[in-house]
Amino acid sequence: MNRVALPDGSTVPALGQGSWKLGERGADRAAEARVLRLGLDLGLTLIDTAEMYAEGGAEEVVAEAIAGRRQEVFLVSKVYPHNASRQALPRALEASLKRLRTDVLDLYLLHWRGGVKLAETVEAMERAVEQGKIRRWGVSNLDVEDLEELGPALADCATDQVLYNLEARGVEFDLLPYAARLKMPVMAYSPVGQGGALLRHKTLARIAARQGASPAQIALAWTLRNEGVISIPKASTEAHLRENAEVWKIVLTPEDLAELDAAFPPPRRKQPLAML
C-alpha cells in the first residue's frame, strides 16, 4: 500500500478507515468493531474518528476495535469547535482519550472553525503536544484563507481534512495546490460521496465494468490517483471493507481519467469550501 509523508517526516497509509455514523446503535457496535479490526489485518491502520460522531460512541467502537493492537494504529480524532478553547480543549481531549482507552492520539484535529480564535486553538494543541497527550495536530474543513491565518504555526499543521470526491472537486482549484506547496497532505473524507447517487452514475459504471471493479472502487481509486491525499472511507460490512482494501490493484488509465473529468468537471474558479 502506498504511504503519504506528513510534515514531520513520518508516513501513514494513503488509505485509512473512517468512523462517521459508527456507534449510533448499541446493537451494531460489536459488528462495527469487527469490521475495523479486519481493516487493521488488511493494512488499513489509519483510523479517523471524532468526539462528534455519535457523541463519543464512534470513539468507543474504535477503542473496542484496537484493543490490544494500539501500537499498530495511527489514531486520529477531532475536537468540536466549541471545545477548542484554551480551557475546554484539554477536557475534551481527556474525554476522547478515555473513550478510546489510550493515553495519546497520533493526530488531533480541529473539526471545523467556530467562534474560538485559531491562535488560541493552536496554543491549546501545542500544549497538548508538549504534555504528550497528542503527537501532532491538524485541522479539518479549513480553506486556504483560514490556513494562511495560522501564520508560522502552519509549519506544524499535519493535515487539513476536507470533503473531496468526484462530486466535490472545488479544493482542486486552490487548496490542494497550496497544501502540496507546503508538503502537507490533505485527508479526504466521504471519498465516495453520500447517499449513493455518485455510485449510480453511468460513467462510473462503465469504467468499473471495463476495470473489473465496482463503482465505489473506481471513485475511491480516483481520490488516490495523486500523491499527498489520504482517503478515509467508512466500511459498514466486512465485504465492503475487503473491497476498499483491493483498491490498490486498480490503475486508472488516461482514458478513464478523461471520462471522469468530462462527467465531473474540475473547477475553473474558486469555490466555497464544501462541507458535510
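This report walks through the core, two helix pairs and a few individual residues of a predicted model.

## The nonpolar core

Let's start on the inside. The largest nonpolar core of this model has 91 residues. Within that core, Tyr108, Trp137 and Leu147 have the most contacts.

Leu147 is a good residue to look for in the structure. Setting aside neighbours within four places in sequence, Leu147 is in contact with Val139, Leu142, Leu154, Asp160, Leu175, Tyr178 and Met184.

## Val139, a partner of Leu147

Val139 sits in strand β6, which covers residues 137-140. Is Val139 buried or exposed? Its relative accessible area is 3%, and because buried means under 20%, Val139 counts as buried.

Beyond neighbours up to four places away in sequence, Val139 is in contact with Leu109, Leu110, Leu147, Cys157, Thr159, Asp160 and Gln161. Asp160 also appears among the contacts of Leu147. Try finding Val162 as well: 23 residues separate Val139 and Val162 in sequence, and their C-alpha atoms are 9.0 Å apart in space.

## Helices α1 and α2

Now for a pair of helices. Two packed helices are described by the angle between their axes and the distance between the axes. Helix α1 takes in residues 29-41 and helix α2 residues 57-66; their axes come within 8 Å and cross at roughly 55°. The two helices are therefore oblique to each other, and α1 passes α2 in a right-handed crossing.

Which residues of α1 and α2 meet? From α1 come Arg29, Glu32, Ala33, Leu36, Arg37 and Leu40, while α2 brings Gly57, Glu60, Val61, Val62, Glu64, Ala65 and Ile66. Sorted by class, this contact has seven nonpolar, one polar and five charged residues.

## Helices α7 and α10

A second pair is made of helix α7 (residues 202-211) and helix α10 (residues 254-263). Their axes are 10 Å apart, and the helices pack at an angle of about 170°. Angles over 145 degrees count as roughly antiparallel, so α7 and α10 are roughly antiparallel to each other.

On the α7 side, the contact is made by Thr203, Leu204, Arg206, Ile207, Arg210 and Gln211. On the α10 side, Glu255, Asp256, Glu259, Leu260 and Ala263 take part. By class, the contact between α7 and α10 has four nonpolar, two polar and five charged residues.

## Two more buried residues

Thr45 is found in the loop between α1 and β3. With a relative accessible area of 16%, Thr45 is buried. Not counting residues up to four places away in sequence, Thr45 touches Pro13, Leu40, Glu72, Val73 and Phe74. You have met Leu40 already, as one of the α1 residues that meet α2.

Asp146 is in helix α5, which spans residues 144-149. This charged residue is buried too, at a relative accessible area of 18%. Leaving aside neighbours within four places in sequence, Asp146 is in contact with Arg113 and Leu118.

## Positive phi angles in two loops

Finally, take a look at the backbone. Lys21, in the loop between β2 and α1, has a phi near 75°, a positive value in a residue other than glycine. Lys21 is partly exposed, with a relative accessible area of 39%.

Where does Ala54 lie? Ala54 belongs to the loop between β3 and α2. Its phi is near 55°, which is again a positive value in a residue other than glycine. Ala54 is partly exposed, with a relative accessible area of 26%.

Key: Residues numbered from 1 in each chain as written. Predicted model: local features only at pLDDT ≥ 70, side-chain atom pairs only at ≥ 80, totals over all residues. Heavy atoms only, no water. Core = buried A, V, L, I, M, F, W, Y, C linked by side-chain atoms within 4.5 Å. Buried < 20%, exposed > 50% of the residue type's maximum accessible area, 1.4 Å probe, protein only. Contact = heavy atoms within 4.5 Å. Axes fitted to C-alpha atoms, helices over the stretch in contact; angles between N-to-C directions. Helix = DSSP H or I, 4+ residues; strand = E, 2+ residues; numbered from the N terminus. Parallel < 35°, antiparallel > 145°, perpendicular 65-115°, else oblique. Left-handed = near helix turned anticlockwise from the far one by under 90°.
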